Amino acid sequence: MKVLTILCQKGGVGKTTFVVNLGKLLSHKGHKTLLIDTDPQGNVSTYLNFDKNSKEALNTTDLFENRLDKEIMKVSESLYLIPSNKSITKHSNEKIIGGSKLMKHKNFFREKGFDLILIDTPPTISSLTQESLTISDYYLIPSKPEFLAVEGVSQAMDFAKETINNVIKADPIFLGVVLNQVDTRRSSFQSFENELRFLLADKLFNSKISQLTEIADSPFYAKTVLDFNENSKAKLEFIELSEEIFEKVGL
Ligand SMILES: Nc1ncnc2c1ncn2[C@@H]1O[C@H](COP(=O)(O)OP(=O)(O)O)[C@@H](O)[C@H]1O
Ligand SMILES: [Mg+2]
């Protein structure tokens, strides 16, 4: 079982889009995949047209409060979801002193036979993200290709490193930064990419995801790249990204 957290304290960079689309693609390949949403906004549920307030579904607040008797909901073949809603907010600023709350459940997930867990995190500096890191083998940071985003990326990297050094015993590996919402026609793009490549070296993914209307519209239609046709740019780019992740993670 491999656990991957997608994080960045900036909103709108593509965390939820990545979790949902990668989850769909990887589960479609036959990997039993679990999505855990730790963002109080619960956007993963919205993307997947799932009721984040469902009383039957085991949700993230249940995990934090040790109630494991509800069902982990199946959203499609080999894809499962632990949704989140605003009730998780009360756990968003807790010191991880007595040990991580999520870490306690790692065996529970193992017993359920998941091959892969993808964790979505809030667009804030939050102990929910720190909790997510405690259970993770890897983490990944999406970023928009903009000048100010360099700051966002380095803040996210610092936050993860400080968490790993000071707060938790776990030692997740930094997989790297993935550029999202790329518009190569913008003249600044190449210089921005070069700057990030210089800073990050092999921690900048070769795959990138373009700024595409079909991705922007997909939550509205509760669609994912899996629903797009074979030649869709969004689908091909996400397949390439999932393969690059696979290579790094060794699934
Ligand atoms: N590659 C893309 N092209 C077009 N729109 C995108 C792309 N990636 C994300 N979006 C849109 O940008 C918004 C923010 O993405 P989201 O994944 O919710 O970010 P985050 O979870 O980091 O806040 C959403 O409306 C989403 O549909
Ligand atoms: Mg989000």
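How do the residues of the shell around ligand 1 divide into nonpolar, polar and charged? In this predicted model, the shell holds seven nonpolar residues, nine polar ones and one charged one. Ligand 1 is surrounded by 17 residues, and the closest are Lys15, Thr16, Thr17, Ile215 and Ala216. Two elements, helix H1 (15-28) and helix H8 (213-217), give two or more residues each to this shell. The most comes from H1, which gives three residues.

The chain as a whole contains nine helices and seven strands. Its radius of gyration is 17 Å, which agrees with the value near 18 Å that a compact globule of 251 residues would have. Along the principal axes, the C-alpha atoms occupy a box of roughly 55 × 40 × 30 Å. Of the 251 residues in the chain, 42% are buried. Among contacts with a separation of 6 or more, 80% join residues that are 24 or more positions apart.

Strand S6 (residues 138-143) pairs with two strands described here. With strand S1 (residues 2-6), S6 forms three bridges in the parallel sense, and leucine 4 has tyrosine 138 as its bridge partner in S6. With strand S7 (residues 173-179), S6 is again parallel, over six bridges. Tyrosine 138 also stands opposite isoleucine 173 in S7. The connection from S6 to S7 involves helix H6 (residues 149-167), and the three elements make a right-handed β-α-β unit. S6 is mostly covered, with five of its six residues buried. In a regular strand, side chains alternate between the two faces of the sheet.

Helix H5 (residues 127-134) is also mostly covered, since seven of its eight residues are buried. These are Leu128, Thr129, Gln130, Glu131, Ser132, Leu133 and Thr134. The buried residues of H5 pack against S1, strand S5 (116-120), S6 and H6. H5 thus packs against two members of the β-α-β unit, S6 and H6.

Lysine 10 is located in the loop between S1 and H1. With 19 other C-beta atoms within 10 Å, lysine 10 is partly exposed, because a residue counts as buried at 20 or more. Apart from neighbours within four places in sequence, lysine 10 is in contact with Pro123 and Gly152. The C-alpha atom of lysine 10 is separated by 24 Å from that of lysine 223, which is 213 residues away along the chain.

Two loop residues have positive phi values without being glycine. Asparagine 66, with a phi of about 60°, is found in the loop between helix H3 (60-64) and strand S3 (73-76). Asparagine 66 is exposed, because it has 10 other C-beta atoms within 10 Å and the limit for an exposed residue is 12 or fewer. Serine 78 has a positive phi near 65° and lies in the loop between S3 and strand S4 (79-82). Unlike asparagine 66, which is exposed, serine 78 counts as buried, with 20 C-beta neighbours inside 10 Å.

Definitions and conventions: Residues numbered from 1 in each chain as written. Chains lettered and ligands numbered in written order. Predicted model: local features only at pLDDT ≥ 70, side-chain atom pairs only at ≥ 80, totals over all residues. Near = placed C-beta within 6 Å. Helix = DSSP H or I, 4+ residues; strand = E, 2+ residues; numbered from the N terminus. Nonpolar A, V, L, I, M, F, W, Y, C, P; charged D, E, K, R; others polar. Pairing = 2+ DSSP bridges. Right-handed = clockwise from strand over helix to strand, strands pointing away. Rg over C-alpha atoms; globule rule 2.2 N^0.38 Å. Contact = placed C-beta atoms within 7 Å.
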